[in-house]
Number of protein chains: 2
Amino acid sequence: MLAGKARMLDVARLAGVGTMTVSRVLNNSAPVSPQTRERVQQAIKKLNYRPNPFARSLRQARSNSIGIIVPNFYDPFFATCAHAISLVAKQRDYTVTVATSDEDAQFEFTEATLMVLNRVAGLAVIPAAMGKNQLHRPEFRTTRIVMLDRPIEGQRFSSVLVENRSGSHAAVKHLLDHGHKVIQFLGLSEKLYTLNERYRGYASAMCEAGLTPSEHFTCRTMEETCILIRKAISGRQPPTAFFLGNNLVTRNALHAFSQLKIKISDDVAIIGFDDFDMADIFVPAITVVRHPAQELGRVAAELLFEQLARKKVARSKEQVVLPVELVIRQSCGCNVETRMP
Amino acid sequence: MLAGKARMLDVARLAGVGTMTVSRVLNNSAPVSPQTRERVQQAIKKLNYRPNPFARSLRQARSNSIGIIVPNFYDPFFATCAHAISLVAKQRDYTVTVATSDEDAQFEFTEATLMVLNRVAGLAVIPAAMGKNQLHRPEFRTTRIVMLDRPIEGQRFSSVLVENRSGSHAAVKHLLDHGHKVIQFLGLSEKLYTLNERYRGYASAMCEAGLTPSEHFTCRTMEETCILIRKAISGRQPPTAFFLGNNLVTRNALHAFSQLKIKISDDVAIIGFDDFDMADIFVPAITVVRHPAQELGRVAAELLFEQLARKKVARSKEQVVLPVELVIRQSCGCNVETRMP
DNA sequence: CTGAAAGCGCTAACAC
DNA sequence: GTGTTAGCGCTTTCAG
């Protein structure tokens with residue numbers, strides 16, 4: 001028998017009960033006697049019955065589906081988060097609809113609106129960096145939303161973040177322990193919450209060591225980064241180490257160093273925030289602060305489902321902050337022996 | 001006025017028409033006089049009316065949503081394809097639900113079934129490599145499905161592929177032009193369609209040059225790859241160049257070369273299939289055959305929507321094959337000058 | 001514990 | 001061109 005053809009009425013007839021009893025067995029929404037339940041389940045199996053999700057959603061005015069909005073899918077970090085969220089959703093028999101904001105709060109708003117019109121049960125969002133966030137608008141008042149990676153200021157939304165500051169602090173401390181005195185922070189944009197936090201972690205470590213922080217926040221392209229680094233290197237107090245704010249900055253910086261014939265860990269030491277696929281293969285292997293991307297998605301999804309289980313939209317916002325890990329390889333100056341098979 | 005509160009009846013009353021007229025204006029499903037249409041549109045706007053997607057789907061027995069199934073999201077190639085598909089879907093006012101198969105045909109089947117039960121209008125799939133494909137089963141007879149990147153043998157499904165053979169042929173030809181005589185092919189698995197095709201392209205180029213192909217198809221881990229390469233290098237006819245079947249193999253091989261202290265382009269030349277994020281930053285920069293991942297997703301999505309527009313499920317299968325591009329950098333032995341900003 | 005009736009919001013089919 | 005009727009398949013409500 002083909003799935004999706006039988007209706008609830010067919011099941012009810014075969015089991016010799018009313019449709020409501022079938023519905024109750026399916027949803028555990030009211031007690032059903034064990035014998036009746038058994039008969040109904042037999043009938044369901046026999047007919048290969050599956051409830052029609054639209055009829056159900058139409059009646060209940062909400063679907064068994066959650067929405068995910070991330071800036072893009074190119075950044076493996078975002079892709080990994082999205083994947084982790086969808087794993088949890090699958091586990092709970094929810095489907096997932098996805099959309100990307102391209103870091104634009106306006107697009108994010110459009111996508112979120114569309115999802116709400118499609119009656120998603122809730123939303124998991126990595127908020128767009130550009131523009132004014134719109135998710136606090138009244139039309140989302142009744143929508144459960146959880147933020148990942150970046151919080152939204154002064155709002156009701158729960159969020160799951162990572163230890164940006166302490167992670168950066170530890171990384172910079174490691175560079176200081178290697179004897180570096182002039183360490184520069186390279187960021188992507190002042191608009192990004194994570195970059196700002198990481199800068200603070202960096203700055204506090206520098207200050208504690210009695211050193212002056214120095215930063216460039218605009219490593220958006222390889223060209224820009226190259227120019228910035230060249231200028232820094234040829235200055236009066238050339239940095240002997242760099243702390244790179246995220247994987248995009250790391251990418252740009254690596255390119256710049258190669259262009260400028262600067263040898264990493266001979267000429268300068270570096271540590272990046274956010275691990276990436278080739279970090280351990282690079283020569284020298286790049287020391288990084290590792291983001292628990294998978295965990296971030298998982299926890300956010302669980303938080304969302306927790307909220308869905310509650311009757312009312314929560315007024316209080318929860319914040320979960322996940323630990324990060326300093327993965328020491330070679331670019332920091334450590335001489336870690338690499339394994340030979 | 002909050003969206004999603006007004007019903008079609010409210011609009012009809014305000015406009016002084018029947019609900020069917022509203023429906024017709026909304027769907028362009030039948031002619032409506034300009035004046036009436038105008039009145040209806042005014043009412044829609046005034047009430048901020050949005051049709052209820054569930055009621056619509058319930059009635060039409062299908063949703064305005066397509067499903068995407070890819071092996072995983074970690075591989076940027078898959079993520080990019082998925083993104084490109086969802087862009088097209090958005091353009092056509094379709095929502096997208098996603099799922100991953102983990103390269104397992106059984107999981108793929110489960111996810112596809114779930115999506116069909118959720119009445120997706122169609123499916124875009126990068127078929128799982130492991131296990132016997134299940135998408136030809138009768139329960140999918142009425143489902144529009146388009147395959148990307150990998151076809152399914154002898155089935156009714158349209159697919160969008162890339163020029164695996166000729167791309168590989170060109171890459172190997174390039175290595176031959178550099179004077180290499182012993183070139184080895186490194187693959188990931190014989191189970192992967194793409195790897196097999198690329199091997200054929202490699203082999204034909206070798207044969208045409210009067211040389212013997214030589215391959216290893218099991219570069220699944222860095223350790224395995226390392227052992228294979230070491231053995232090859234220390235053999236009687238050590239390869240002076242390698243052609244790497246996909247980005248995972250390239251990754252493993254790069255790791256192995258670094259472990260074995262083999263200098264790329266000094267000791268051996270390499271070309272990889274599939275561009276990757278750090279390829280141009282590596283020292284030396286890696287020459288690759290570039291996959292048009294974005295294009296692949298776009299074309300597949302358009303093919304799918306074309307099929308959706310047709311009344312009946314197409315019996316004939318179409319195949320689109322997209323060109324690839326040899327991106328010459330340095331690992332092949334070319335001395336391409338890198339730009340300085 | 002169980003069932004019958006009503007109706008969620010929309011559109012196909014048929015009037016006019 | 002337009003309106004009326006019926007019903008998609010389910011669950012809420014209320015009555016037993």
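Which polar side-chain atom lies 2.8 Å from a base oxygen of DNA strand C? To find out, select B:Arg59, whose side chain places a polar atom at that distance from the base oxygen. Keep in mind throughout the tour that this is a predicted model.

**First stop: DNA strand C**

With B:Arg59 still in view, bring up the residues around DNA strand C, which number 25, and among which A:Thr21, A:Arg24, A:Thr36, B:Met8 and B:Tyr49 come nearest. Colour the atoms of DNA strand C that are within 4 Å of the protein, and you will find that 62% belong to sugar or phosphate, while the rest belong to bases. Two contacts with phosphate oxygens are worth selecting here: at A:Thr36, an N or O atom of the side chain is 2.5 Å from a phosphate oxygen of DNA strand C, and at A:Ser33 a polar backbone atom is 2.8 Å from a phosphate oxygen of that strand.

Next, show the helices that contribute to this surface: α2 (19-27) and α4 (53-60) of chain A, and α2 (19-27) and α4 (53-60) of chain B, each supply at least two residues. The helix that gives the most is α4(B), with five residues. If you colour the surface near DNA strand C by residue class, eleven residues are nonpolar, nine are polar and five are charged.

**Second stop: DNA strand D**

Now move to DNA strand D, which 26 residues surround, the closest being A:Met8, A:Met20, A:Tyr49, B:Thr21 and B:Thr36. Of the atoms of this strand within 4 Å of the protein, 56% are sugar or phosphate atoms and the rest belong to bases. Select B:Thr21, where a polar side-chain atom lies 2.5 Å from a phosphate oxygen of DNA strand D, and then B:Thr36, where a polar side-chain atom also lies 2.5 Å from a phosphate oxygen of the strand. On chain A, turn to A:Asn52, where a polar atom of the backbone is 2.9 Å from a phosphate oxygen of DNA strand D.

The helices to display here are α2 and α4 of chain A together with α2 and α4 of chain B, each of which supplies at least two residues of the surface near DNA strand D. Divided by class, that surface has eleven nonpolar, nine polar and six charged residues.

**Third stop: a pair of helices in chain B**

Select helix α1 (residues 8-15) of chain B along with α2(B), and look at how their axes come within 8 Å and cross at roughly 105 degrees. The two helices, α1(B) and α2(B), are therefore roughly perpendicular to each other. Where they meet, α1(B) brings B:Met8, B:Leu9, B:Val11 and B:Ala12, and α2(B) brings B:Thr19, B:Val22, B:Ser23 and B:Leu26. This contact has six nonpolar and two polar residues, and no charged ones.

**Fourth stop: the sheet of chain B**

Moving along chain B, display the open sheet of six strands, which has mixed pairing and runs in the order β7-β6-β8-β9-β10-β12. At its edges stand β7 (215-216) and β12 (325-327) of chain B, each with a single partner strand, so one side of each has no neighbour in the sheet. Within the sheet, select strand β9 (residues 269-273) and strand β10 (residues 287-290) of chain B, which pair in the parallel sense over three bridges; B:Gly272, for instance, has B:Val288 in β10(B) as its bridge partner. Add helix α7 (residues 164-177) of chain B, which lies across β6 (183-186), β8 (241-244), β9, β10 and β12 of chain B and runs at about 170 degrees to β9(B).

**Fifth stop: the sheet of chain A**

In chain A, select the open sheet of six strands in the order β7-β6-β8-β9-β10-β12, whose pairing is mixed. Its edge strands, β7 (215-216) and β12 (325-327) of chain A, each pair on one side only. Strand β8 (residues 241-244) and strand β9 (residues 269-273) of chain A pair in the parallel sense over four bridges, and A:Phe243 has A:Ile271 as its bridge partner in β9(A).

**Last stop: backbone details**

Finally, select A:Pro284, in the loop between β9 and β10 (287-290) of chain A, where the peptide bond from A:Val283 to A:Pro284 is cis, with omega near -5 degrees.

Methods:
Residues are numbered from 1 along each chain as its sequence is written. Chains are lettered from A and ligands numbered from 1 in the order in which they are written. This is a predicted model: local features need pLDDT of at least 70, side-chain atom pairs count only at pLDDT 80 or more; totals for chains, interfaces and linings use all residues. Side-chain values use heavy atoms; hydrogens and water are left out. A residue is near a molecule or strand if one of its heavy atoms lies within 4 Å of it. A polar contact is a pair of N or O atoms within 3.5 Å; within protein, one must be able to donate a hydrogen and the other to accept it, and residues adjacent in sequence count only if both atoms are side-chain atoms. Ala, Val, Leu, Ile, Met, Phe, Trp, Tyr, Cys and Pro count as nonpolar, Asp, Glu, Lys and Arg as charged, and the others, Gly among them, as polar. Two strands pair if DSSP finds at least two bridges between them. Contact means heavy atoms within 4.5 Å. Axes are lines fitted to C-alpha atoms, for helices over the stretch in contact, and angles run from 0 to 180 degrees between N-to-C directions. Angles under 35 degrees count as roughly parallel, over 145 as roughly antiparallel, 65 to 115 as roughly perpendicular and the rest as oblique.
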